[in-house]
Amino acid sequence: MTDAVVVNDNRRAYDQMANYFDNKMLLLEQEKRNIQREINKDHVNHWQTVQPIHTRREWDLNDPDYKKKDYPARVGDDDPRLGAGHRKKLQLMQQKSWCDQQNHEKSEKKRKEAADEAAYEALRRAQLDHQDAVANAEMDARRAHTKQTAVDNMCLANQKAHKAAADKHAENHANHTEQYNTFNSAFMTEHGITAQSVMSDTRKRMDHYKGMNAEEAGNVREFQAMQRDELAMKRQNEKAEQQAYDQYTENVRRQLCQTASQIEQFRQEQRKAVTEELQAQGAEKAARDTHLNKTLYTNVPKPDYFAQFGTNHR
């Protein structure tokens, strides 16, 4: 069984378990609604049977036949109800009846409240017990499903391991059988003469040729060793040539650097000589100007000197 089949089976089992619990929760929710509906129906029936409209406290105010049931105000001039004492007695009797009725209603209300509280407590306890029972059942089912899943996975793993071992054993047996048939078959033997091709001494007939003999294999190995030696020698020569070329380029670079340094030094010396020559020429010119201005040309022309020009035709 492949891994994909195992994964699909696990997913299907999980989906079935989720569907089962979903349906279970729907049933529990429906049962809860039915219980609440029955409780509401019992309340309505209780109101209709135990507390009808004519037994309520305010019925005397809403009774349409109240005037018909009441005594008239007076039946004659000598009606005993017209006296103050009789009226007070009636008031006390009426007050006593009201108090008795209120006490009875209070005690009945307390009894009904206690009964309702006991019924509600019993219902709540039954609901809690039912919820606990359902939760325990779900936990047991989930634990059993988990245990069964682990057992199934273990069985699948064992089957997979046994199958892999059997396949490996069958493959090894097939390989050994093929090797035995190859080495011992009459059709797979090689003959040295018949394996030689008539077209060339270096060619073999593939239908009679099984491979090189020890001498041919040794020749191939020697030729490969010679090729490896030639390749190593070639790489060594290339490395030596590269090192010589690198040394030559390094020498050229150093010579160029030395020549550039000598040229730069010569330029500095030329610039220094030109600077010194210019400085000497400047000092010489300054000395000459000083000699001309302060030593040679010391006389200042007077007006008579300028007045002599333009006085004759010379």
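Is D289 buried, partly exposed or exposed? With a relative accessibility of 27%, D289 counts as partly exposed, on a scale where buried means under 20% relative accessible area, exposed means over 50%, and partly exposed is what falls in between (1.4 Å probe, protein chains only). The model is a predicted one, so to speak for local features a pLDDT of at least 70 is needed, side-chain atom pairs count only at pLDDT 80 or more, and totals for chains, interfaces and linings use all residues. Numbering starts from 1 along each chain as its sequence is written, and side-chain values use heavy atoms, with hydrogens and water left out.

As for the overall picture, the protein comes to six helices and zero strands, and its elements run α-α-α-α-α-α from the N terminus on. Helices (H or I, at least four residues) and strands (E, at least two) are DSSP runs, numbered from the N terminus. Of the 314 residues in the protein, buried ones make up just 4%.

Next come the charge pairs. Side chains of opposite charge can pair when their charged atoms come close. The structure holds twelve salt bridges, each being a side-chain nitrogen of Lys or Arg within 4 Å of a carboxyl oxygen of Asp or Glu. D289 takes part in one of them, with K285 as its partner and 2.9 Å between the closest N and O atoms. Both residues sit in helix α5, four residues apart, or about one turn of the helix. K285 is partly exposed too, at a relative accessible area of 45%.

Helix α5 also carries the pair R253 and E250, whose side chains meet in a salt bridge at 2.4 Å, N to O. Here the spacing is three residues, again about one turn of the helix. R253 is partly exposed, with a relative accessible area of 43%, and E250 counts as partly exposed at 25% relative accessibility.

Over in helix α4, R125 and E121 form a salt bridge with their closest N and O atoms 3.5 Å apart. The two are separated by about one helical turn because they are four residues apart in that helix. R125 has a relative accessible area of 44%, which makes it partly exposed, and E121, at 25%, is partly exposed as well. This pair does not stand alone: E121, R124 and R125 are linked in a network of salt bridges.

Back on α5 (residues 214–296), V252 is partly exposed, with a relative accessible area of 33%. Together with Y245, Y248 and L256, V252 forms a nonpolar patch on the surface, with about 450 Å² of accessible area in total. Patches are made of residues with over 30% relative accessible area and no salt bridge, like charges being joined within 9 Å and nonpolar side chains (Val, Leu, Ile, Met, Phe, Trp, Tyr) within 5 Å. The areas come from the Shrake-Rupley method with a 1.4 Å probe, and for residues only the protein chains shown count as cover.

Finally, the largest pocket holds about 830 Å³ of space. A pocket is an open set of points on a 1 Å grid over the protein atoms alone, where a 1.4 Å probe fits, with protein on both sides within 12 Å along at least five of seven lines; lining residues have an atom within 4 Å of a point. Grid points are joined across faces, edges and corners, and the volume is the space filled by probe spheres set on the points. The lining has 25 residues, with H46, W47, Q51, K112 and D116 nearest the centre. Helices α1 (3–49) and α4 (84–184) each supply at least two lining residues, and α4 gives the largest share, 13 residues.
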